[in-house]
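Visitor: I've got a chain to look through and would like a guided tour. Could you take my questions as we go?

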Amino acid sequence: MDNHQYLVEKSFQGLEKRGFKNNPEYVERLIKELDIIKSGDLADFFLNTAFICQKSKSKGIRLGPGRGSAAGSLVCYCLKITEIDPIEHKLLFERFLNPTRISSIGLADIDTDIDSTKRQKVLEEVKNDFGLDKSFQVINHLQWTEKLAIKDLARLDGVSFRQSNNITKAMGRSEHVENVPKVMEFLKKHPFIEKNYKKLVGLIKSYSVHAGAVITLDKPVEYYDSLLRVNDLVCLDNDGKTCESLGFLKNDLLGIKPLAVFEDALNLIKEDVKLPQTYDDEEVFKTINKSQLGLFQLGAGATGSVCRMLKPKNFEELAAVVALSRPGAKSGGDRERYIDCKHGKKLVNYEHPDLEPILKENYGAIIYQEDVMRIITDFAGLTPADADNIRRGISKKIPEIFEEYYPKFIKGCVNRGIDEEVAIKVWDKIGSSGAYSFNKSHSVAYAMIAYLGGWLKTYYPSEFYIASLNHVDSESKRQKILDELVNEGYELTNPNVNISTCKYAITDNKVYLPLTSVKGVGIPATVAIIENRPFRSFKDFMKHKTSKVNAKIVKALIEAGALDDFNRQRDEMYSIVSGKKVKWDETEKMSREFQRINIVINENLLDKYDLSQMSIANEVKSIASLKETSEYSDYYIKVMCMEFSEKNGYGIAKVSDGFNTLNLTVPSELIERYGNDLNKIGAPLFCHVNGQGDFYRILSLIYLDDLEKYEKEIDFYTGVAIKKLKKLQKDSDINVGLVRDIHYFKSRKNNDCVRYNVQISENKILTGKMNCINPPKLFEGDYIYYIARDNVFLDIVKII
């Protein structure tokens, strides 16, 4: 029995185990796929990949359901390389392997997702199974482009990075030097760069290890290739594409954190629980729509925003969220069309009734590459191979391919009784929408992982949150999870030397921070503490002070609140350790706690300031909600300033609301006005900011202790302003505006100000003359009431 016959046997055995042995549609599809695989002589590749997957699973290593176009293969599903039924999800094998373009093994590309903490174990197993001299990772080559060559040579020629970067920016991503006059002018002034940059183009600049590619050989490496050491790792001295062209078997083994989170969460659950095999639980979709935090591909950015707008109620809609999040879907209008039609704001329409079976689940929108391919096969009657060629021509912007198939598509439609004008409209539609459509196999695979996360979050939230925290890779993500835990009713607890470990833990609805979350406390100190506990008192704890738990580490633990259970004041314990008497007020205590664990858990001074009764209460936001905001706008926040620094004429204020932090830009003109306030570390502030996402700037601020007086002044001056303006001109409209920018213009004769311009919004600038109105001194961030005609102030009153 040769390898292909063995592949056929294993595939049909798998089809029987999947329960489709007697299903004609599945049997026919499997035979077709196996014939295409045979024509490309690819049996070894599929058997190789199946062996790696099954061996990994047998070792208890969690793999993903599939990734990329390989999810469109029934053979992969039968061999348990993937867990995605391509027929159920309407995925196409030709998107994975086009029978007219099989010329080398390089056209078969299967990505396998692995628990990120176990990837190295999989690589070791591959080496053990195939041989140390037959299994290698491969390298990536970074080659010099014209832009990189000019930058590097400019550095050698004494040109500053800022200048060279500014020059090369004009080249865009792919512009040649000859097409950019600015760069040509620069080169004339620097003959050394002009003479040598072309010599570097195309040469290898640096090496790195490929993120996933692993090559397995049938003979020892000396028969085929040389080796190269990269970062203490011995790799094949060729990149992935070259290895494929040489006929080497290449597998892409990628480590992803969500699978590690699943594994840890399941291990924390006391009973024997397995992840679901179906994806239709209504409760899970309620969880996903409530919060996308911690869910694969949904937790941030455009995908989370689309999810909140779309509100998926089934798996097909969840998969669509992934595709609709891509920038092209928005610019092309299909995102808006899908969401509006789903919510009944627009009627679903089709250019022809025959398109309804193809696009019905998408509400008439083309969002997947598979949609394009099915229109070409089912609507125009062309072959699946033709469909993939056209798809490739559209997505890779190869006009020759697109033009070649245009007459075939039109003729195919006409032969099926479709009007030629309709056929042209549909062709134009797949040309525009198809250019940014997404691979449905990707969407389905990503949606499965997101759903499984949602399932754990629904039924085992404590375990899911803890596993997520223990695998978090950034401080901002950690803060968001902790913030959501508090909103869900969990109680945050400081690290505790008698309870905490190296990982987060939940006990009796209390979340204990790990000792390693304390800045200055590492794993060796944590292990030493765990080995010597329990500690009955502060005195008992100090008896176990060693080189691993020295005075510096003890001070850090005190500041973080990890010794609070000993019923001694923090400053008292700190004084004993340091040998010097210190006294901390609540602000100092809170500031030190924040500096150690980047969060304030006990006695958050901001809690005593209730802003719910303020007139602008609805505009007061938490830092977490600000970071989720995608629209540029103005907001109010109550925060403490934890750090302030000045650089290049502007300031950076790191503020915290006790749970999250945010860096605020302070424009140069406001530093003089607010610099002293921002330098008072830990002082509670009420800030008016504008921006979006992670980028905000301060417009104005005030101490929270002065807020009551401040609001009364706002109400008073608002009333005065309205009365004054109404008295001046009853029939005019009274406007309120925010001063975003202001410029004064001086007379050339005596240097006196004669005119000023005030920018009220991005598109509105008003002007005033000094001899007509004596305006109050205005600053950026001030609110004003005004009357204007033809963009000229008639009167203006400063409110705040």
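Visitor: Among the contacts with a separation of 6 or more, what share comes from residues 24 or more positions apart?

Guide: Keep in mind that this is a predicted model. Take the contacts in the chain whose partners have a separation of 6 or more, then pick out the pairs 24 or more positions apart: their share is 63%.

Visitor: And how much of the chain is buried?

Guide: Here buried means under 20% relative accessible area. The chain has 800 residues, and the buried part of them comes to 51%.

Visitor: How many helices and strands are there?

Guide: Helices come to 32 in this chain. Add the strands to the picture, and they number 20.

Visitor: Let's go to the helices. Are α1 and α3 parallel or oblique to each other?

Guide: Helix α1 covers residues 3-17 and helix α3 residues 43-58, and their axes lie 9 Å apart. The angle at which they pack is about 50°. Angles under 35 degrees would count as roughly parallel, and 65 to 115 as roughly perpendicular. The pair is therefore oblique.

Visitor: Which residues of α3 do the α1 residues meet, and which hand does the crossing have?

Guide: From α1 come N3, H4, Y6 and L7, and on the α3 side they meet A43, D44, F46 and L47. By class, that contact has five nonpolar, two polar and one charged residues. As for the hand, the crossing of α1 and α3 is left-handed.

Visitor: Now the sheet with β7, β8 and β9. Which strands stand at its edges?

Guide: The open sheet runs in the order β7-β9-β8, with mixed pairing. From one strand to the next, the twist averages 30°. A single partner strand each leaves one side without a neighbour in the sheet, so the edge strands are β7 (491-493) and β8 (505-507).

Visitor: Which residue of β9 stands opposite T507?

Guide: Strand β9 takes in residues 510-512 and pairs with β8 in the antiparallel sense, over three bridges. Opposite T507 stands K510.

Visitor: One more strand, β14. Which residue of β14 is the bridge partner of L664?

Guide: Strand β12 (residues 661-666) pairs with β14 (residues 695-703) in the parallel sense, over two bridges. Strand β13 (residues 684-692) runs antiparallel to β14, joined by eight bridges. On the β13 side, G691 stands opposite Y696. For L664, the bridge partner in β14 is also Y696.

Visitor: Which residue in the turn between β13 and β14 has a positive phi?

Guide: These two strands form a hairpin with two residues between them. In that turn, the residue with a positive phi, about 60°, is G693.

How values were computed. Residues are numbered from 1 along each chain as its sequence is written. This is a predicted model: local features need pLDDT of at least 70, side-chain atom pairs count only at pLDDT 80 or more; totals for chains, interfaces and linings use all residues. Side-chain values use heavy atoms; hydrogens and water are left out. Two strands pair if DSSP finds at least two bridges between them. Helices (H or I, at least four residues) and strands (E, at least two) are DSSP runs, numbered from the N terminus. Axes are lines fitted to C-alpha atoms, for helices over the stretch in contact, and angles run from 0 to 180 degrees between N-to-C directions. Angles under 35 degrees count as roughly parallel, over 145 as roughly antiparallel, 65 to 115 as roughly perpendicular and the rest as oblique. A crossing is left-handed if the near helix is turned anticlockwise from the far one by less than a right angle, and right-handed if clockwise. Contact means heavy atoms within 4.5 Å. Ala, Val, Leu, Ile, Met, Phe, Trp, Tyr, Cys and Pro count as nonpolar, Asp, Glu, Lys and Arg as charged, and the others, Gly among them, as polar. Buried means under 20% relative accessible area, exposed over 50%, partly exposed in between (1.4 Å probe, protein chains only).
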